[in-house]
Amino acid sequence: PNETWKVQAMEIEAVDTTAAGDAFVGVFAASLDRDIDLLGALRRASVASGLACLQKGAQMSLPTIQQIEENLKIIPLPRRIS
C-alpha cells in the first residue's frame with residue numbers, strides 16, 4: 001500500500017482506444033486470478049491495453065492470451081517510483 005509503480009506502455013500508433021481500459025482491467029484481474037505476481041499482472045495488462053488499441057471496435061480488438069504472451073518482451077517489468 002505504500003509503493004507506487006510505473007508501468008511502461010507499448011509504443012504504438014493507436015487506431016481506436018475504445019477497449020483499452022477494459023483490456024487492462026480484464027487482463028490484470030485474470031492474471032492475478034492465475035497467481036501471476038503483481039508486476040507480471042501489470043505488465044500483461046499494459047500489453048493487452050496496447051494491443052487493444054490496434055484495431056477498431058471493442059470486442060474484436062481484445063487480444064488473445066497468445067498475442068499477449070508474444071508481445072510481453074516489448075515492455076519491461078514495472079519499476080517502483082516510491
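Leaving out residues up to four places away in sequence, L62 touches A19, A23 and Q67. That is a handy place to enter this structure, which is a predicted model. L62 sits in the loop between α2 and α3, the latter covering residues 65–71. With a relative accessibility of 39%, L62 falls in the partly exposed class, because that class takes in whatever lies between under 20% (buried) and over 50% (exposed). Looking back along the chain, L62 and G50 are twelve residues apart, and their C-alpha atoms are separated by 9.8 Å.

A23, one of the residues touched by L62, also turns up where α1 meets α2. On the α1 side, the residues involved are A20, A23, F24, V27, F28, S31 and L32. Facing them in α2 are L38, A41, L42, R44, A45, S46, A48, S49 and A52. Sorted by class, this contact of α1 with α2 has twelve nonpolar residues, three polar ones and one charged one. As for geometry, two packed helices are described by the angle between their axes and the distance between the axes. Here the axes of α1 and α2 come within 8 Å and cross at roughly 150°. That angle makes α1 roughly antiparallel to α2, since the cut-off for that label is anything over 145 degrees. The crossing of α1 past α2 is right-handed.

Two residues on the α2 side deserve a closer look. S49, placed in helix α2, touches A20, A23 and F24 once residues up to four places away in sequence are set aside. At a relative accessible area of 15%, S49 is buried. R44 also lies in helix α2. Is R44 buried or exposed? Its relative accessibility is 14%, so R44 counts as buried. Neighbours within four places in sequence aside, R44 is in contact with V27, S31, I36, I68, E69 and L72. Of these contacts, V27 and S31 are among the α1 residues that meet α2, while I68 and E69 fall within the 65–71 span of α3.

Back on α1, the aromatic count comes to one pair. The pair is F24 with F28, and it is stacked. A pair of aromatic rings is described by the distance of the centres and the angle of the planes. For F24 and F28 those values are 6.3 Å centre to centre and 15° between the planes. Both residues lie in helix α1, four residues apart, or about one turn of the helix. How accessible are the two partners, F24 and F28? F24 is partly exposed, with a relative accessible area of 28%, and F28 is partly exposed as well, at 22% relative accessibility. F24 is also one of the residues touched by S49, and both F24 and F28 belong to the α1 set that meets α2.

Next comes the end of α1 and the link to α2. D33 lies in helix α1 and is exposed, with a relative accessible area of 67%. D33 and S46 are 13 residues apart in sequence, and 17 Å apart in space from C-alpha to C-alpha. D35 is placed in the loop between α1 (20–33) and α2 (38–52). What stands out about the backbone of D35? D35 has a positive phi of about 65°, although it is not a glycine. At 72% relative accessibility, D35 counts as exposed.

Two arginines round off the picture. R43, in helix α2, touches L72, K73, I75, P76, L77 and P78, not counting residues up to four places away in sequence. L72 is thus named among the contacts of R43 and also among those of R44. In the other direction along the chain, R43 and K56 are 13 residues apart in sequence and 23 Å apart in space, C-alpha to C-alpha. R79 lies in strand β2, which covers residues 79–80. Which residues does R79 touch, not counting those up to four places away in sequence? The partners of R79 are T4, W5 and K6. R79 and P63 are 16 residues apart along the chain, with their C-alpha atoms separated by 24 Å.

Definitions and conventions. Residues numbered from 1 in each chain as written. Predicted model: local features only at pLDDT ≥ 70, side-chain atom pairs only at ≥ 80, totals over all residues. Heavy atoms only, no water. Buried < 20%, exposed > 50% of the residue type's maximum accessible area, 1.4 Å probe, protein only. Contact = heavy atoms within 4.5 Å. Axes fitted to C-alpha atoms, helices over the stretch in contact; angles between N-to-C directions. Parallel < 35°, antiparallel > 145°, perpendicular 65-115°, else oblique. Left-handed = near helix turned anticlockwise from the far one by under 90°. Nonpolar A, V, L, I, M, F, W, Y, C, P; charged D, E, K, R; others polar. Phe/Tyr/Trp six-rings, centres within 6.5 Å; stacked < 30°, edge-to-face > 60°.
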